[in-house]
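Visitor: Hello! Could you walk me through this structure, one question at a time?

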Amino acid sequence: VQLQASGGGTVQAGGSLRLSCAASEGTIGSYHMGWFRQAPGKEREFVAAITRSGGSADYAGSVMGRATISRDNAKNTVYLQMNGLNPEDSAVYYCAARSNEYFSRAGYNYWGQGTQVTVSS
């Protein structure tokens, strides 16, 4: 599966963004899906993940209550709604797919190109 993230941009602190991850050459229904981010000089970190069916989700503590991950398997797309953005959320955001049957924050084996999110104070 090939993944392409979009929807990034520059927003003011307190604003919102909705990131999208469109899949091609495969169907996301076969994968657990996740969002990760990497800020300059920092390691890539987990943001959120959602099970194949969309029935369960997991969030990093830093975004809990501000982020919502969702998926539309019919549209082959995963979303990340981010509210209450702050400058610490500035990073390149990546979507990823995990083919292993178990739901996890790690072990994602398909990655898309990222989309830049910049939050100004």
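Visitor: Is Arg-37 buried or exposed?
Guide: Keep in mind that this is a predicted model. Arg-37 has a relative accessible area of 5%. Buried means under 20%, so Arg-37 counts as buried.

Visitor: Which residue forms a salt bridge with Arg-37 at 2.9 Å between the closest N and O atoms?
Guide: The partner sits in the loop between strand 8 and strand 9 (91-98), while Arg-37 is in strand 4. The pair links distant parts of the chain, 52 residues apart. With a relative accessible area of 1%, this partner is buried. The residue is Asp-89.

Visitor: Which residue meets Arg-37 in a salt bridge of 2.6 Å, N to O?
Guide: Look for a residue that is partly exposed, with a relative accessible area of 34%. Its side chain meets that of Arg-37. The residue is Glu-45.

Visitor: Which residues are linked in a network of salt bridges?
Guide: We have already met Arg-37 with Glu-45, and Arg-37 with Asp-89. Arg-66 belongs to the network too. The linked residues are Arg-37, Glu-45, Arg-66 and Asp-89.

Visitor: How many residues apart in sequence are the parts tied together by Asp-58 and Arg-105?
Guide: The side chains of Asp-58 and Arg-105 meet in a salt bridge of 2.6 Å, N to O. Asp-58 is partly exposed at 22% relative accessibility, and Arg-105 is partly exposed at 41%. Asp-58 lies in strand 6 (residues 57-59) and Arg-105 in the loop between strand 9 and strand 10 (110-111), so the parts they tie together are apart by 47 residues.

Visitor: Which residues form the covered face of strand 7?
Guide: In a regular strand the side chains alternate between the two faces of the sheet. On the uncovered face of strand 7 are Thr-68, Ser-70 and Asp-72. The covered face holds Ala-67, Ile-69 and Arg-71.

Visitor: What is the bridge partner of Arg-71 in strand 8?
Guide: Strand 7 and strand 8 pair in the antiparallel sense over six bridges. The partner of Arg-71 in strand 8 is Val-78.

Visitor: Which residue in the hairpin of strand 7 and strand 8 takes a positive phi?
Guide: Most residues other than glycine have a negative phi. This hairpin has four residues between the strands, and one of its residues has a phi near 55°. That residue is buried, with a relative accessible area of 14%. The residue is Asn-76.

Visitor: Is Glu-25 buried or exposed?
Guide: Glu-25 lies in the loop between strand 3 (17-24) and strand 4 (32-38). Glu-25 has a positive phi of about 55°, although it is not a glycine. At 67% relative accessibility, Glu-25 counts as exposed.

Methods
Residues numbered from 1 in each chain as written. Predicted model: local features only at pLDDT ≥ 70, side-chain atom pairs only at ≥ 80, totals over all residues. Heavy atoms only, no water. Helix = DSSP H or I, 4+ residues; strand = E, 2+ residues; numbered from the N terminus. Buried < 20%, exposed > 50% of the residue type's maximum accessible area, 1.4 Å probe, protein only. Pairing = 2+ DSSP bridges. Salt bridge = Lys/Arg side-chain N within 4 Å of Asp/Glu carboxyl O.
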